[in-house]
Amino acid sequence: MPDHAEPPMPRTSSGTSHSASEQPPRRPVDAVLFDFHGTLAQVEDPVAWVLAAAAECGTTLERPRATALADRLVMAGRAGGPLPARVPPHLAEVWADRDLYGPSHRAAYVGLASTVDTGVDGLAEALYERLLSPVGWLPYADTAATLRALRKAGVPVAVVSNIGFDLRPHFDAWELTELVDAFVLSYEVGRCKPDPAIFLRACGMLGVDPERTLMVGDTPADAGAVRAGCSALVLPAAEAGRANGLAAALDLAVAEGR
């Protein structure tokens, strides 16, 4: 045998050889589930967040002070931001329940903001109120086009989010509500991602088989949909206002000739 003979081709169970470059068949997609934060929308810039909330409290902050406060508030724990490095013991219970009960969500994030001495009366509450308003968020640049393309193709869509408040007013304000067939929010259904139950609930609300459903998100919790039988696409969250690579979902969900 020559020193550099090619290795034998792998064989299938029927004994026929196949190339290692062959791809497994792609699973059909009849519906798409989308995460909200980091997938369809992003919270506003932290400095803009602090400036706007302070203005609601009747205080005008200089930008350097607002920037310093924003850094401290984000570190303390901002909804839609990175997880806090430490949760004070007196907030541990509401923090654990924040995505299951609306009052716990508010108490957790207002409480975390209150650990920062801002010198502005009422700022912690005003910061939280920004979260509840569509003006405190920015849809990604490709969100509307992606949802419209899926609707045109007849692919039903659900928004599946771990969250403690209603997202529907945000979609109303962005004129996207008619493009979403179901909202599956953790505080309403009593389950949080990555629990398979929340994905199964979404599939049930859309009337689709989990095996023919794609979950699109930006965290390992979203990839938990695989345990419910769904496919999963995890995209890195982009900066506010930018495109977020959602066209990849269209490539998977909208087959030629659909």
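The following exercises with worked solutions concern helices, a histidine and two cysteines of the structure above.

The model is predicted, so local features require pLDDT of at least 70 and side-chain atom pairs pLDDT 80 or more, while totals for chains, interfaces and linings use all residues. Residues are numbered from 1 along each chain as its sequence is written, and side-chain values use heavy atoms, with hydrogens and water left out.

**Exercise 1.** Determine which residues of helix H9 are buried and what covers them.

*Solution.*
Step 1. Helices (H or I, at least four residues) and strands (E, at least two) are DSSP runs, numbered from the N terminus. Buried means under 20% relative accessible area, exposed over 50%, and partly exposed in between, with a 1.4 Å probe and protein chains only.
Step 2. In H9 (residues 196–206), Pro196, Ile198, Phe199, Ala202, Cys203 and Leu206 are buried.
Step 3. These buried residues fall within an arc of 165 degrees when seen down the axis of H9, so they line one face of the helix. The arc is taken over the directions from the helix axis to the C-beta atoms. An α-helix has 3.6 residues a turn, so residues three or four places apart point the same way.
Step 4. The cover, by contact (heavy atoms within 4.5 Å), includes strands S1 (31–34), S4 (157–161), S5 (182–185) and S6 (213–217), together with helices H8 (186–189) and H10 (220–223).

**Exercise 2.** Describe what lies at the two ends of H9.

*Solution.*
Step 1. At the N-terminal end, Asp195 acts as a cap: a side-chain oxygen lies 2.8 Å from the backbone nitrogen of Ala197.
Step 2. After H9 comes Gly207, with a positive phi near 70 degrees.

**Exercise 3.** State how His170 is placed, buried or exposed, and which residues it contacts.

*Solution.*
Step 1. His170 belongs to helix H7 (residues 168–173).
Step 2. With a relative accessible area of 0%, His170 is buried.
Step 3. Beyond its neighbours within four places in sequence, His170 contacts Leu131, Leu132, Ser133, Pro134, Trp137 and Phe165.
Step 4. The His170 side chain reaches the backbone oxygen of Leu131 at 3.3 Å.

**Exercise 4.** Explain why Cys203 and Cys230 do not form a bond.

*Solution.*
Step 1. A disulfide is a pair of cysteine sulfur atoms within 2.5 Å.
Step 2. The closest cysteine sulfur to that of Cys203 is in Cys230, 4.0 Å away, which is too far for a bond.
Step 3. Cys203 is buried, at a relative accessible area of 2%, and Cys230 is buried at 2%.
Step 4. The search of the whole structure finds zero disulfides.

Key. Polar contact = N/O pair within 3.5 Å; in protein donor to acceptor, adjacent residues only side chain to side chain.
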